[in-house]
Amino acid sequence: MSKKWLLTLTSAASVLLLAACASGDEAETPAGNDDDTAGESTDGGSGESRQVLVYSNSLAGGRQEWIDEMATEAGFDMQYVEGGGGEVLNRLLAEANSPQADVAFGMDEAMFFELVDEELLVEYEPDWVGEIPDDALIGDQLFHPLVEQRIFMMYNPEYVSEEEAPSNWQDLSDMEEFQGRYRVPAALGGGTDQKAILSILLQYIDEDGEMGIAQEGWDEVEQYLANGYQTPEKEEQLQNFAEGTVPLSYHFLGGIPNAEEEFGFDAEIVNPEQGVITMREQIGVVNKGDDHDYTAAQEFVDWFGSAEMQSAFVEEFGGLPVNESAVDSAPERLQEIAEQTEPMEVDWNFVRENLNQWVEKVELELMP
Amino acid sequence: MIEIKGLQVKYDDFIAIDDVNLTIKEGEFFTLLGPSGCGKTTTLRSIAGFLKPSEGSINVNGKNIVNTPIEKRGLGMIFQSYALFPTMSVFDNIAYGLKIEKKSKAQIEDRVYELADLVELNEEQLGKNVSDLSGGQQQRVAIARALAKKPTIVLFDEPLSNLDAKLRKQLRLELKRIQRETGMTAIYVTHDQDEALEISDHIAVFNNGKIEQIGTPREIYDHSASEFVCKFIGEANYLGPSLITHINEHMETNRFNPNAKHYVREEKVNLMVPEGSKAVPVKGNILQEVFYGTFSTYICEVLDTTLRIIVKEDGTTRIDSKNELTLYIDPKDILEYGGD
Amino acid sequence: MMNSRLLKMKESNLLAKIPFYLFCLFIAWFIFALLIWPNVNVLVDIFWVDGELSLSAFGRLSGSNRAIRAILNSFLLATVLTVTVNIVGTFIVLVTEYFDIKGARILRVGFMSTLVFSGMVLNNGYLYVYGQNGVLTNIFTRILPNLEPTWFTGFPAVLFVMTFACTTNHMLFFRNGVKGLDNNTIEAAKNLGSSQWQVLKDVVFPTLFPIIMTLVIMSFQLGLGAMAAPIMVGGSFETISPLILSFTQRPSSRDLAALLSIILGIAQIILLVVMTRNEKKGNYMSISKTKTRVTKQKIENKVANIVVHALSYILFVIYTIPLILVILFSFMNLQGISQSTLSLDYFTLENYRAILTNNTNYGPLLTSAVYAGGAAVLAVLFMIMIARIVMKNKNNKLAEWTEYLFYIPWLLPGLMLALGLIISYDSPSFLLLGNSVIGSVWILPLVYLIMMLPSTLRYIKGAYYSFDNNLEDASRILGSSPIRTFLRIILPALLPTALALVALNFNNFLADYDLSAFLYHPAYPTIGITIRRNADAANNVNAAAVNLVYSVIIMAVSSIMFYVVYGRGSKMGEKKSGIRNSRRRIKAPVIVTGLGDTGVDDPATGEKA
């Protein structure tokens, strides 16, 4: 017994000593594999094994398993890196000098513009591009939209009547009866939370203002945050919404059907005069150098963005496809909300340039 | 034979020992004696190899071992804290060195039991955990462990100082017995002069990183080479200038230097002297008397000096403590230091 | 001739030292390539904007009331927490190990629960008791109708939760200090007429002073770095760590994160220097002399005895109820969980069924276990060697600096270190022997390992102080080579501490998400990634329930780890005596551990093997 134990420790010790030298050899296995992959597809071209490494924030909740099944059937050999939108973006940016991903999808246009800045995308025109409305094609063929998201204010009609309901985000802070009863973001890490703030800020664009926003806009955001209710980590905001303790909130389009079903409410959507922030989850082929063979990646984009796949995808997981031929497959509730709301006109390039500063300013100075 | 020449050990800028020269013969019991911080342990640890000397050489049988790795020196060592391995049984502690030599199991067991006999440990104790033993037993284990590989030289670093007085005396004798039985060369560090006098063949007295004197116990006691040695070994009475002047008056030649310091061992101050003795009589008063059974000590005031004297209680001497008494000091017993 | 012999000797000496020099070279490489270079690069990347040094972060931070308040809050929390945690920690250790308290074993299990029950889950558990709809809140509101149901929030709530959540180190390290006390000294003090309180004050605490100092500083650090409690129960009481995390995740705000993190790091390093000074003054622990095991002291004063018993059981309830509720709630459906209501109507096994039958969970769990386990073992072994070199050369400036350099990971958050590694090695580099970190499987465990180093080194060093240097000398002079001495003598002596650290490190990184998301290899997702995928609130309305179930599963895995490594493992180390193979069959002994050891008994029962 004693000797075995000692042996284990000893061998572990030697492993440590070897770690430095051996780490090289170890490393070669996976890294080497990747190289082989790249080499194969370069040589093979037509590609029997079409390996695609996807980076995405849209793989949770069973999506990855579903995509994997379909993709394997379609002849793809898939690998995934997943995380939150910001995390995936950070990872893509960090790896800029030696990109690993073949395809990135799921992040919004602001994030894809950041990838464009770092020259992390290559041009490719998918064969379904004709089915996309022209105004949704803002990526210079470097990226293309898949699913539309809208972020909007909503209220629970059980507790708030139509007359009482606010007509715009910044009205909330002035309404006596809703002090502390409307949900505001507690943190700005998530995309939806950021959009709530953007919904106010983007109404006050002013070239001379601080970071392109008029002082009035900043004041409105500050008041909006100061008089709202930050959901503590433990509480479920939808539960609060359903129970009426916090009957005013905001949400993203794709999540509404599930939320309504699970928590038992029927949300009323507010469509302010400027419209609701509408962003689109994009897909793009990652730039891995001039002599890289992009065939498999391009085929994946063609396949995944096609009307057929998008229809199947939103039937399974909800969401509003940008692809016009697939819109009808979206859940009825989503189509209904989409009709009730107007997309707000947003200059995503302008947003992308300033978003991080805005968020930081709000976090540092305006959050209570 | 161990020969140490011009040994110096530095800790950063501090010179712990300087110019230490020693010759230790095979099979002898050699003691390094001195107060704490005097350099005796430093010397021992240099021999063991735990410290690297900055200068000098340590020759064992003609071979300089200064650069030999510790484990290749083939020495035995016994520590003040015993340094038994707490994760091993008594048996394993003793067998440790043998296992390193890759002795067979049977050989190891035989040797361990032989050693257990030597240091008087029983079989039950061999199976115990070391912390379940008493201090004396732990030290026996440490001795057995150090002797396991039959080293010809064994180093002792104050091995008995953690034990009580009685046990210390007992183990001291046993050490001497074991040393004689095994014929090993023992280098022994202690600050206890009684211990040193009792068991040593030769003693080196250390002070402030230097050797003050090397000699047999008797030489060191009777002919202490320095004031430090004189005061450190045994009990010595300091003689004040007035008393020295008084003694000088009784002498015709070889008078003492009044500027020097003078001492006399307490047992060398007598109440009676035989006919023809050259001892100088001085008169004094008894301040205090302590009875010890076989002897008594008296503190006497003589001129500017307080003398402690020893009187055997064998019925031959009667002292009336109320009266003035006469003491005799033989000039040849007076030790003189310094005063140039 | 003499000369050539000398030369020969020197050569063989040199030859024997080659492994050591190679190891030194390895250390130098490790420090430069993995600690200094990546961090320098990431700091340059962050603070060097358009070719010049940008220190706007200072202005932006000092202009932010929120950030300033968070910094002050963190220091306030750290200061008060140091007092409360040490009082509670000392108390629970004394009642389980020092005083004779009835039911000490069951108490011990409760007090040890924080080893696996920590972070967000723990706070969740406390909210089931004290939060809105919490068990206790319901009782309170019945008695005091005016009480706000959300009373459990802010600084007092954070302090309360963390006071009980942060006693883990006490139960590991202080506990074994107490167990390693010499009973004789206690008896001697009593003999001299000391009251029980005086014995504690004059003998026990002074003897354990080095451990107490370490724990004081560790609790201060826990307070400074508080993350879960402020998020979960802090309400408007915000601290630095959550801010650092959100700033780190946004490239343009990383300078803020770095600055805040460096503020925290410097506070930690200052404390560390104070502690190191303190250590150099020496410690009072006697070991390897005759020592008898502490016998439990019966509290003589009857009133005091009743009060201490009562307090012990009240604490036990405080510790265990949240844990029990978490386990119970993991069997509730979403309604039950979101309303914090326990009821058979809401009972469901569906959550467990869904997770346990989902095969895609097991691969990632294995990956995480291998990553966290491998990194934990290597980190501990590596730091044992470093600590040894540092302790052997206490007066050597180079060794001192080497030690401090290994505390670098305390200065920046893990994510930033990861970023630094990527920036430095995103293409094959000669510093990594021609490797690049991107796309490699080993970067994630490597970052885990690096993040484990500082606290591991801290505790290992503490354990070395209890190690009698004479043991090493004794082994060497008996003919054992330095390597053999290390393996046979030093390692076994440090084993209990080492195993505890392996288990702690493992648990800390098992369910990691933030680093994983940034670094994991596509072929080997970790359990943190899987949990997020299945429990993301945006995609799964059932997220809360799924999270709870995963938490319970992770706790179970951690408990097993603790039991196997720390409980059984130390027992095995303890039984290593080869004498049992002896012809004459002599029973193997049990060792008593010294200071800084983390004990050799079963943490669950306290039973000796």
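A residue is called buried if 20 or more other C-beta atoms lie within 10 Å of its own. The legends below use this term for a model that is predicted.

**View 1. Strand β3 of chain B is covered on both faces.** Strand β3 of chain B comprises residues 29-33, and 5 of its 5 residues are buried. On one side lie B:Phe29, B:Thr31 and B:Leu33, while B:Phe30 and B:Leu32 lie on the other; every one of these residues is buried. Strand β8 of chain B (residues 185-190) runs parallel to β3(B) and is joined to it by 5 bridges. Within this pairing, B:Phe30 has B:Ile187 as its bridge partner. Strand β9 of chain B (residues 202-207) also runs parallel to β3(B), here with 4 bridges. In this second pairing, B:Thr31 is matched with B:Ile203.

**View 2. Three strands of chain B, β11, β12 and β18, form an open antiparallel sheet.** Strands of a sheet pair through backbone hydrogen bonds, either parallel or antiparallel. In this sheet the order of the strands is β11-β12-β18. The edges are taken by β11 (236-239) and β18 (335-337) of chain B; each has a single partner strand, so one side of each is left without a neighbour in the sheet. From one strand to the next, the twist averages 30°. Strand β12 of chain B (residues 261-265) is joined to β11(B) by 4 bridges, and the two run antiparallel. One of the residue pairs to locate here is B:Asn237 with its bridge partner B:Val264 in β12(B).

**View 3. Helix α8 of chain C is largely enclosed by the rest of the structure.** Helix α8 of chain C runs over residues 168-179 and has 12 residues. At 1.5 Å a residue the helix should span 16 Å, and the C-alpha atoms at its ends are 16 Å apart, which agrees. Of the 12 residues of α8(C), 11 are buried, so the helix is largely enclosed. The buried residues include C:Met171, C:Leu172, C:Phe173 and C:Phe174, and among them are also C:Arg175 and C:Lys179. The cover over the buried residues of α8(C) includes four helices of chain C: α3 (65-98), α4 (104-112), α11 (209-224) and α23 (482-510).

**View 4. Domain 1 and domain 2 of chain A meet in a contact that takes 16 residues from each.** The domain assignment places residues 50-148 and 279-334 of chain A in domain 1, and residues 150-278 and 338-366 in domain 2. The C-alpha centres of these two domains of chain A lie 27 Å apart. On the side of domain 1 that touches domain 2, the elements giving two or more residues are α3 (85-94), α4 (109-117) and α11 (332-340) of chain A. The largest share of that side, 4 residues, comes from α4(A). By residue type, the touching side of domain 1 divides into 7 nonpolar, 4 polar and 5 charged residues.

**View 5. A:Asp68 is found in helix α2 of chain A.** This helix covers residues 63-73 of chain A. Is A:Asp68 buried, exposed or partly exposed? A residue is buried with 20 or more C-beta neighbours within 10 Å and exposed with 12 or fewer. A:Asp68 has 17 such neighbours and therefore counts as partly exposed. A:Tyr204 serves as a second landmark in chain A: A:Asp68 and A:Tyr204 are 136 residues apart in sequence, and their C-alpha atoms are 44 Å apart in space.

Key. Residues are numbered from 1 along each chain as its sequence is written. Chains are lettered from A and ligands numbered from 1 in the order in which they are written. This is a predicted model: local features need pLDDT of at least 70, side-chain atom pairs count only at pLDDT 80 or more; totals for chains, interfaces and linings use all residues. Domain bounds come from an automatic or database domain assignment. Two residues are in contact if their C-beta atoms, placed from the backbone, lie within 7 Å. Ala, Val, Leu, Ile, Met, Phe, Trp, Tyr, Cys and Pro count as nonpolar, Asp, Glu, Lys and Arg as charged, and the others, Gly among them, as polar. The expected span of a helix is 1.5 Å times one less than its number of residues. Two strands pair if DSSP finds at least two bridges between them. Axes are lines fitted to C-alpha atoms, for helices over the stretch in contact, and angles run from 0 to 180 degrees between N-to-C directions.
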